[in-house]
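I opened a fresh notebook page today. Here is what I looked up, entry by entry, so you can follow along.

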Amino acid sequence: MFERYSFSLPTQVEFQAGIACEAASMIKNTVEGKRVFLVTDPGLMQAGIVEPVLDGLKSNGYETELFDRVQPNPKDADCEAGGELIREFAADIVLAVGGGSVLDAAKAIAMLHTHEGRLAQYEGRGKVQNAVTPLVTVPTTAGTGSEVTRSAVITDTGRKFKMTIKDIRMAPRLAIVDPQVTYSLPPAIAASTGMDAFVHAIEAFTCKAASPFSDAWAREAMRRIFPNLREAAVNGTKKARDEMMLGSLMAGVAFSHADVAAVHCLAEALGGLYDTPHGVANSIFLPIVTEFNVPANPAKHAEAARICGLPVEGLDDLAASAALVAELRRLAHDIGIPQLKDVPGVDRADFGRLAEASFVNGSTPDNCRDVSEEDYLGLLEKAFASGTPA
């Protein structure tokens, strides 16, 4: 007998290479209103990615207000500044053009448009009470899947802690997913965001909150991401980056209908304290946490190894899972992911604080293996001591 499962995908998805320039016409067919608050970051402005979208909005009669102050690992103060501006502008629509930081910041700004107070008041689940200003997303990296999720991860600068605000009302109304915007991504960004996408898929697949619905999306996401990640990161071929964008989107659907787990708990603690890029942090902890988790569910980890195309035929579940862990280590090394001891600012004296922040993360209970604060401390020490894979 199956348990009861819930599945809701309120986001309309449009996927095709080259469609970002058509954002205005797709918005017109999906969301009412003529005042657009566009959220992005300075790098994308300089790269010329936002300009065609702005031009399309203007030619379609939209009034626009530009907010380009989003930093990597978006900060509460910047989101609150955006909240003040959007209230002054009285936007009908929020349009986010950027990577995961921009998309999450835009969700927070859209929420603050209709809610009073500080962002930290809405941390967790069930705090968002009003309708959120309609959000349209144009992701520019293949990694976060935030274009279809209902959560925003924002750094509380006072606590140096990444807080999550989660509510179905924050899910974007429309996602315009254009792999062409990723073709010029530098290898290092393609590598870390690609690993981030894979983490979403495998954590959704193995966590306690997984269901047959989320498993279907997670399987397909892993099947597309894993064989293409090296090629997308090292050579940047269009086919590989197309597959990564689609896989990332599917992984976003998967984990938003299941959860992430201990890899993310550690990564968010690291990012909150040191401002480490999220994809890099996830990549560092993925092999070590996967190895820790295998005993709790060797069958699913072995299935993940088979989905990824690893040569594990004839191996039992534990041996197939060990092959997956070894390959994850090699992959991280091959695409240039740093080791924990080489991350700027990392200090072993902070490991107790990082373990505590990881343990109180809302996704800890959904890790497939029960994990204590002491376990997190051990995982941090193991990651710090890790060397180059054989």
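**Entry 1: the largest cavity**

Which residues line the largest cavity? Before answering, I noted that this is a predicted model, where local features need pLDDT of at least 70, side-chain atom pairs count only at pLDDT 80 or more, and totals for chains, interfaces and linings use all residues. Residues are numbered from 1 along each chain as its sequence is written, and side-chain values use heavy atoms, with hydrogens and water left out.

I then found the lining: Ile 202, Glu 203, Thr 206, Ala 261, Val 263, Leu 286, Val 289, Thr 290, Asn 293, His 301, Asn 367 and Cys 368. I wrote down the rule as well: on a 1 Å grid over the protein atoms alone, a cavity is a set of points where a 1.4 Å probe fits but cannot get out, and lining residues have an atom within 4 Å of a point. The idea behind it is friendly enough: rolling a probe the size of a water molecule over the atoms shows where empty space is left.

The volume of the largest cavity came out at about 70 Å³. A volume here is the space filled by probe spheres set on the points, with grid points joined across faces, edges and corners.

Next I asked which helices each supply at least two residues of this lining. They are helix H6 (187-206) and helix H10 (278-293), and H10 gives the most, with four residues. Helices (H or I, at least four residues) and strands (E, at least two) are DSSP runs, numbered from the N terminus.

I sorted the lining by class and got six nonpolar, five polar and one charged. For the sorting, Ala, Val, Leu, Ile, Met, Phe, Trp, Tyr, Cys and Pro count as nonpolar, Asp, Glu, Lys and Arg as charged, and the others, Gly among them, as polar.

**Entry 2: the second largest cavity**

How many cavities of 30 Å³ or more does a search of the whole structure find? I got two. The second largest holds about 60 Å³ of space. I listed its lining as Ala 142, Thr 182, Leu 185, Ala 190, Thr 193, Gly 194, Ala 232, Arg 241 and Met 244. Two or more of these residues come from each of H6 and helix H8 (238-256). H6 has the largest share, three residues. By class I counted five nonpolar, three polar and one charged.

**Entry 3: helix H8**

I stayed with H8 and checked its length. Its 19 residues reach 27 Å from first C-alpha to last, close to the 27 Å expected at 1.5 Å a residue; the expected span is 1.5 Å times one less than the number of residues.

Is H8 mostly covered or mostly open? It is mostly covered, with 15 of its 19 residues buried. Buried means under 20% relative accessible area, exposed over 50%, and partly exposed in between (1.4 Å probe, protein chains only).

**Entry 4: cysteines**

I looked for disulfides, meaning a pair of cysteine sulfur atoms within 2.5 Å, and the count came to zero. For Cys 308, the nearest cysteine sulfur is that of Cys 368, 15 Å away. Cys 308 counts as buried because its relative accessibility is 6%. For Cys 368, a residue I had met in the lining of the largest cavity, the nearest cysteine sulfur is that of Cys 207, 8.4 Å away. Cys 368 is buried too, at 13%.

**Entry 5: two buried residues**

Asp 215 lies in helix H7 (residues 212-234). Its relative accessible area is 8%, so Asp 215 counts as buried. Leaving aside neighbours within four places in sequence, I found Asp 215 in contact (heavy atoms within 4.5 Å) with Ala 204, Phe 205, Ala 210 and Lys 300.

Thr 155 sits in strand E7 and is buried at 5% relative accessibility. With the same neighbours set aside, its contacts include Asn 73, Pro 74, Phe 161 and Gly 272.

**Entry 6: positive phi**

Most residues other than glycine have a negative phi, which made me look for others. Lys 160 has a positive phi of about 50°, in the loop between strand E7 (151-156) and strand E8 (161-166). Asp 275 has one of about 65°, in the loop between helix H9 (262-274) and H10. Lys 160 is partly exposed at 44%, and Asp 275 is partly exposed at 36%.

Technical notes. 1 Å grid on protein atoms, 1.4 Å probe; cavity = no way out; pocket = protein on both sides within 12 Å on 5 of 7 lines; lining within 4 Å.
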